[in-house]
Number of protein chains: 6
Amino acid sequence: MSRPSGRSLDQMRPVSLETNVSKHAEGSCLVRFGDTHVLCTASVEDRVPPFLRGQGQGWVTAEYGMLPRATAERTDREAAKGRQTGRTQEIQRLIGRSLRAVTDVKAMGEITVKIDCDVLQADGGTRTAAITGSYVALALAFRHLTSIGFLKAQPLTDSVAAVSCGLYQGAPVLDLDYAEDSSAQADANFVLTGKGGIVEIQGTAEKTPFQEAEFLALLALARKGIGELTALQAAALAR
Amino acid sequence: MSRPSGRSLDQMRPVSLETNVSKHAEGSCLVRFGDTHVLCTASVEDRVPPFLRGQGQGWVTAEYGMLPRATAERTDREAAKGRQTGRTQEIQRLIGRSLRAVTDVKAMGEITVKIDCDVLQADGGTRTAAITGSYVALALAFRHLTSIGFLKAQPLTDSVAAVSCGLYQGAPVLDLDYAEDSSAQADANFVLTGKGGIVEIQGTAEKTPFQEAEFLALLALARKGIGELTALQAAALAR
Amino acid sequence: MSRPSGRSLDQMRPVSLETNVSKHAEGSCLVRFGDTHVLCTASVEDRVPPFLRGQGQGWVTAEYGMLPRATAERTDREAAKGRQTGRTQEIQRLIGRSLRAVTDVKAMGEITVKIDCDVLQADGGTRTAAITGSYVALALAFRHLTSIGFLKAQPLTDSVAAVSCGLYQGAPVLDLDYAEDSSAQADANFVLTGKGGIVEIQGTAEKTPFQEAEFLALLALARKGIGELTALQAAALAR
Amino acid sequence: MSRPSGRSLDQMRPVSLETNVSKHAEGSCLVRFGDTHVLCTASVEDRVPPFLRGQGQGWVTAEYGMLPRATAERTDREAAKGRQTGRTQEIQRLIGRSLRAVTDVKAMGEITVKIDCDVLQADGGTRTAAITGSYVALALAFRHLTSIGFLKAQPLTDSVAAVSCGLYQGAPVLDLDYAEDSSAQADANFVLTGKGGIVEIQGTAEKTPFQEAEFLALLALARKGIGELTALQAAALAR
Amino acid sequence: MSRPSGRSLDQMRPVSLETNVSKHAEGSCLVRFGDTHVLCTASVEDRVPPFLRGQGQGWVTAEYGMLPRATAERTDREAAKGRQTGRTQEIQRLIGRSLRAVTDVKAMGEITVKIDCDVLQADGGTRTAAITGSYVALALAFRHLTSIGFLKAQPLTDSVAAVSCGLYQGAPVLDLDYAEDSSAQADANFVLTGKGGIVEIQGTAEKTPFQEAEFLALLALARKGIGELTALQAAALAR
Amino acid sequence: MSRPSGRSLDQMRPVSLETNVSKHAEGSCLVRFGDTHVLCTASVEDRVPPFLRGQGQGWVTAEYGMLPRATAERTDREAAKGRQTGRTQEIQRLIGRSLRAVTDVKAMGEITVKIDCDVLQADGGTRTAAITGSYVALALAFRHLTSIGFLKAQPLTDSVAAVSCGLYQGAPVLDLDYAEDSSAQADANFVLTGKGGIVEIQGTAEKTPFQEAEFLALLALARKGIGELTALQAAALAR
């Protein structure tokens, strides 16, 4: 079996994390997983959602969007349709949970960091790229808050990154692109921390159920890929 | 450690599957996982969504709702607010995917079966109860279509059921109720077929990441619970 | 003329009022008028709508919904469509007014009781069943507030119940079911108190106008039916 | 007891029905009940709603709106809020039903007449004025369709008009204005045909239930008022 | 070239400004530009939008609507569709800006004047008629506030009026009616003050771009027309 | 007077037009006016809006959006709010009209080109940058359709570009950035063709009305700036 891109089974697409791409945002990162490009910005607001008011803790939340022609076929603009799809809401909830899993919200003070992930171009794996880039944007925003003296220390307890793996023509492969994703038998998104903890697993059999051994093979691939992403995140933040 | 309900770690709540509870629906099941009660109805429509028209195949889809006072605190009615929450959309997409994983849609003809899962009372695990009851409602609707001669055979390839497991006070436990769910460190929903195939896994670390061994312990519990649910489904359909 | 159900002209369907059916609600009642089943819950909130704030009085309001497959043909879910129909809004306004007509809101303190009426199965007369069951749920909620010492006395001045009557094949009949309702020449919903006061009358000629004598015959039937409902309400609350 | 306006108990406000006030509409009438002014236009469309297609019959429907400053306090514009209130929907359904009760829809052919009732100024009784004026606009539209040969005869079987009556300071009064309506103990809207048939009755006890004798007194007043309105409608259409 | 209405190239339609047409509004004007009729009401509210609170200044804003059958073909009611069109929003923003350009908001105190412009009948030029009539309604509301002692002086610095001009069959013409507007090559709306200052210019080439000389000819026509409108406004306010 | 950016009064910001930046779109251009960056994509669809069907002509339309953190303060996501603002709709209507003014829609065949303009970063002048970049994306899409033989010739009759000018501290200046725009006395957006024809003029006095001579000075500046933009467009399309 050969992958459409010619990659080996356990090979990520070329990944880049370009930081400080926004003139305005407190933290920003343009993440590229091959032809999937997501702009992640972190915006600091000095208030928390109503359900947290007066509790002395902060909040991290995320929104996700896709430009209409990020995809091969143009998709209708959600703002024009007047509602976000279930898929959009599912993804933005996932991003927010993933980031909060490595954030000590009690150490933030009563502020909110809103992450906006906007897909400029899509070729599979937009949610995993978004999580990976969002972590960098969030870390930069916290670094900014530390540098201006608002925070004494970064309230991050670990790093977090994500990748999707799947069964493609019977074989487990790492970092599905669109050509693979659209015909995979099963796929799973893994969100892991830099230290190897599991934050989220979302495994879905598209057509036929899969077996536990297959699932564990996907998890092993994800560990490899996320190890590489973690190193790239550290390098981007060290620049 | 003892569970709030006094159950052993690998013990399900009392589960019942009451069939044919609706005067109108082609298939129906009132499923109870302890104090979580979900009414599942299956409605047959003689058309398919636009993206499937003319392809000679059918479709299975699901909608999910919760009565406002199904919960300890009343929640606002989604119809009154004018939009479904992200959580609702996430759940109904999950139910639909789970059912389609055991349905041979090509053997259905151009019809749609719409499953409605309405939570009459909630005490944790509404989505897993909904999947478990929906399978029964769907099977009854297919049986009805077979009995009237519309279908020659049931287009089901396997059964499907679901349960949630989690880490509660450090220990892996089966079938979280609300008291456990709201303070679990991590929880995972497992959707498995009667033959043991994996359809969906959704694992989420609520506060701190979890480890692979912990995850595998949850999966083992799920296999036990879903084995019991599968037997109950078979018994309900045999009545 | 014989009625589809075989009932005599002035005969109600079998009516039952099952109380305390909800684990969470302060008051609840599952009302059945034959095959019409409505779950009524009463939720107490310790605030009033903005237009009443600071006036030292309470409020009673109602919401109404129908499960999608409560009906012979599945109807679209209002939450999915993003708006409640005019019919839904008309009914929930009617239920609220009916309950307030027997409630001394000045004796409630600044609380709101929200009644949710959800039709689990429909066979005509859902709004009249909802009013009849809602009164029981409301009375139970007030009883709960009295038992915990929040209220000194029940703020109810009377009971209230409702029934629909209509001209079916030229004859006035009591408590229309769906088969009758869909082909009646005229129908009227009557909301009366236990003492016989008129709270609401909604009479509608579906096809041809009706005469005053016919209208008075419907009112007489309603008095008989509501007398029976009032006795059932008292019995349910006495259990 | 004296009425705020100085009218006698059974006296209507000055009523006028100005016809053909719109350059564009097929039929139009500006109706005034004292300071309540409603512009009614009838628009003919050569199609019917989906549920009637291919049945060879027509449809009459109505929409209702109120200019934001028609009222003493400005009310928010429904178009800006993005939804019509329950009250608006209740009223427009009432107007539509009232007009259809005197229309032989099978004699219309497959067309729809849409009545728009827009309240330019409100002083109580907007729905009853709207019904009364709408009948005139509808009759003019049918007359237009007859004059151009589209219809052979007017498909109207009777005329229809409406008035509200109420218990004000203990006395039954005819044609409530805003000052009376806002403090009435009970009020009822009556929609009657020119021949005296009852089309709709909507009686509501605002604060305390009312008695059958009181209700019959209101109906008697309505008959008197609607008799006068019927004569004014005939005169307007004869001009 | 002759205009459909027979007017000369620089001739306005007959214009009238009827004042105090609303029983409730603090200021009102029914403006007619030929068959275009717009009801303008001014409503005073004793608060300002959130972004202005505590700054000691006032605000003037406008909303615009069109009755469904104001037009030759009935247009759907925006309240029923649940959203205002882009055109509606564009026009109401223009009206608000135009009025604020002649209002000293710092001299108003913390109040808002809301102008509602509702088109009762349309024949081209509804936005320019609306601006012209709104100024009169606003001036009357300010006069009312002065007369009751709330304001010491009118906070108006100038008058404002508007007219549309266009290239019709190659010639510049003043005050386009619908027949001209729908086939004009280019049209421009001009909003000028009584003293001749330019408040807004909106020029649009419908089919082919236009030249600077043509544009200046349109501006000259607008000056003439707005001079006449300014005189009519002064006369209306002097009555 | 000196400009915040140090530019001379008639100096544009650095402008760049980067072409073919999207893997998927038929035409694309990332336009930068200084720190204002807009991604413009052109999507070809083989159908036209309903009002044009069967007329053998095409259509060009545009949508506009702004990423939430394109601005100094984060603005709420329109998709999350469920509606586009009036400003957004006004801008996208302007872009569509501007492009159609230089397109021979009869020479396109029954296709639609949808332009999406998404502001990645905003610093004033987003709508004028969007028009300028959209023309390049549109021309590239038409070139693509010509290269694949769908069109025989480009259906463009001219080029089109836009710039804003304003009165800043009393002086007319070219190409307002955000610092200037937010405190300008008046500003005007000019949309001109490459041959010098006027497509759109939108002049607005923010605080005090402006004079004709001032307006003509702004137009002269616009001619200079648009001359430069036209040359840059030609160069970008020649690469």
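Exposed means over 50% relative accessible area, and buried means under 20%. These terms apply below to a predicted model.

**Figure 1. F51(B) and W59(B) form an edge-to-face aromatic pair in chain B.** The ring centres lie 5.3 Å apart. The planes meet at 90°. Is F51(B) buried or exposed? F51(B) is exposed, because its relative accessible area is 51% and the cut-off is over 50%. W59(B) has a relative accessibility of 18%, so this residue counts as buried. The pair thus joins an exposed ring to a buried one.

**Figure 2. Chain A holds an edge-to-face pair of F51(A) and W59(A).** A search of the whole structure finds 21 aromatic pairs over all chains. One of them is F51(A) with W59(A). Their centres are 5.3 Å apart, with 90° between the planes. F51(A) is exposed, at 52% relative accessible area. W59(A) is buried, at 19%. Two values describe each such pair: the distance of the centres and the angle of the planes.

**Figure 3. Ring pairs link aromatic residues of chains A and B into a cluster.** Which residues of chain A take part? They are F190(A), F210(A) and F215(A). From chain B come F190(B), F210(B) and F215(B).

**Figure 4. A turn of 180° lays chain E on chain F.** The RMSD of this superposition is 0.0 Å. The shift along the axis is 0.0 Å. The two copies are therefore related as by a two-fold rotation axis. Which residue of chain E comes closest to the axis? It is Q202(E), with its C-alpha at 2.3 Å. Of the interface residues of chain E, 100% are also interface residues in chain F, so the copies meet through the same surface.

**Figure 5. Chain A and chain D do not touch.** Their nearest C-alpha atoms are 11 Å apart. Chain C and chain F are likewise not joined by any contact. For chains C and F, the closest C-alpha atoms lie 11 Å apart.

**Figure 6. Chain A has a mean pLDDT of 95.** In this chain, 100% of the residues reach 70 or more. What ipTM does the predictor give the complex? The ipTM is 0.94. The pTM is 0.90. Where pLDDT is low, predicted coordinates should not be read in detail.

How values were computed. Residues are numbered from 1 along each chain as its sequence is written. Chains are lettered from A and ligands numbered from 1 in the order in which they are written. This is a predicted model: local features need pLDDT of at least 70, side-chain atom pairs count only at pLDDT 80 or more; totals for chains, interfaces and linings use all residues. Side-chain values use heavy atoms; hydrogens and water are left out. Contact means heavy atoms within 4.5 Å. Rings of Phe, Tyr and Trp (its six-membered ring) pair if their centres lie within 6.5 Å; planes under 30 degrees apart count as stacked, over 60 as edge-to-face and the rest as tilted. Buried means under 20% relative accessible area, exposed over 50%, partly exposed in between (1.4 Å probe, protein chains only). pLDDT is the predictor's confidence in each residue, from 0 to 100. Copies are superposed by least squares on the C-alpha atoms of residues with pLDDT of at least 70 in both.
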